Amino acid sequence: MIPYALKYKDPQGIVWHPYSVDFTSPEGKFEVHIYAISPEHAHLQLAALKENGRVLGQVTDIIPC
C-alpha cells in the first residue's frame, strides 16, 4: 500500500485532497487516486488524465515527505 497525504497545501496556499477513481478492465476492478481541490475539479483532473495521461514507469520506492 502506498501512503497518501490526506491533504496537500501548494505554494499558493490551495489545499488539495485525494479523490478515488475506479475503473473496470478485463483483469478486474481497480482504483487509483488523483488530487483535486473539489469534486468538480476531480472530474476535470480525470478528463485531463484520460486525454494526456501516460505511464512513466513502475514505482519502486516511496520517499516520505
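**Briefing: a three-stranded sheet with one helix**

In strand β3, Val32 is the bridge partner of Val21. This pairing belongs to a predicted model of a chain with 1 helix and 3 strands. Read from the N terminus, the elements follow the order β-β-β-α. The points below begin with the overall chain and proceed to the sheet, the helix, selected residues and the surface.

**Overall chain**

- The C-alpha atoms occupy a box of roughly 40 × 30 × 20 Å along the principal axes.
- The chain comprises 65 residues, of which 11% count as buried.
- About 6,000 Å² of the chain is exposed, and carbon and sulfur atoms supply 60% of that area.
- Considering contacts between residues at least 6 apart in sequence, 14% join residues that are at least 24 apart.

**The sheet**

- The 3 strands make an open sheet, ordered β1-β2-β3, with antiparallel pairing. Its edge strands are β1 (8-9) and β3, each of which pairs on one side only.
- The helix α1 packs on this sheet and touches β2 and β3; the direction of α1 makes about 115° with that of β3.
- Within the sheet, 2 bridges join β1 and β2 in the antiparallel sense. Tyr8 has Trp16 of β2 as its bridge partner, and Lys9 is partnered by Val15, also in β2.
- The hairpin formed by β1 and β2 has 5 residues between the strands. In its turn, Gly13 has a positive phi of about 90°.
- Strand β2 (residues 15-25) and strand β3 (residues 28-36) run antiparallel and are joined by 9 bridges. Among the bridge partners across this pair are Tyr19 and Ile34 of β3, as well as Val21 and Val32.
- The β2 and β3 strands likewise form a hairpin, with 2 residues between them.
- In a regular strand, side chains alternate between the two faces of the sheet.

**Val21 in strand β2**

- Val21 lies in strand β2.
- The relative accessible area of Val21 is 15%, which is under the 20% cut-off, so this residue counts as buried.
- When neighbours within four places in sequence are set aside, Val21 is in contact with Phe30, Glu31, Val32, Ile34 and Leu46. One of these, Val32, is also the bridge partner of Val21.
- Val21 and Glu51 are 30 residues apart along the chain, and their C-alpha atoms are separated by 15 Å.

**His41 in helix α1**

- His41 is located in helix α1, which covers residues 39-52.
- With a relative accessible area of 18%, His41 falls under the 20% limit and is therefore classed as buried.
- Apart from neighbours within four places in sequence, His41 is in contact with Trp16 and Ala36. Trp16 is the β2 residue that serves as bridge partner to Tyr8.

**Salt bridge**

- The structure holds 1 salt bridge. It joins the side chains of Lys29 and Asp22, with an N to O distance of 3.2 Å.
- Lys29 has a relative accessible area of 62%; because this is over 50%, Lys29 counts as exposed.
- Asp22 has a relative accessibility of 46%, between the 20% and 50% cut-offs, and is therefore partly exposed.

**Nonpolar surface patch**

- A nonpolar patch on the surface consists of Ile2, Tyr4, Val59 and Ile62. Together these residues have about 360 Å² of accessible area.
- Val59, one of the patch residues, is found in the segment after α1.
- The relative accessibility of Val59 is 54%, over the 50% cut-off, so Val59 counts as exposed.

Terms used. Residues are numbered from 1 along each chain as its sequence is written. This is a predicted model: local features need pLDDT of at least 70, side-chain atom pairs count only at pLDDT 80 or more; totals for chains, interfaces and linings use all residues. Side-chain values use heavy atoms; hydrogens and water are left out. Helices (H or I, at least four residues) and strands (E, at least two) are DSSP runs, numbered from the N terminus. Buried means under 20% relative accessible area, exposed over 50%, partly exposed in between (1.4 Å probe, protein chains only). Contact means heavy atoms within 4.5 Å. Two strands pair if DSSP finds at least two bridges between them. Patches are made of residues with over 30% relative accessible area and no salt bridge: like charges are joined within 9 Å, nonpolar side chains (Val, Leu, Ile, Met, Phe, Trp, Tyr) within 5 Å. Accessible areas come from the Shrake-Rupley method with a 1.4 Å probe; for residues, only the protein chains shown count as cover. A salt bridge is a side-chain nitrogen of Lys or Arg within 4 Å of a carboxyl oxygen of Asp or Glu. Axes are lines fitted to C-alpha atoms, for helices over the stretch in contact, and angles run from 0 to 180 degrees between N-to-C directions.
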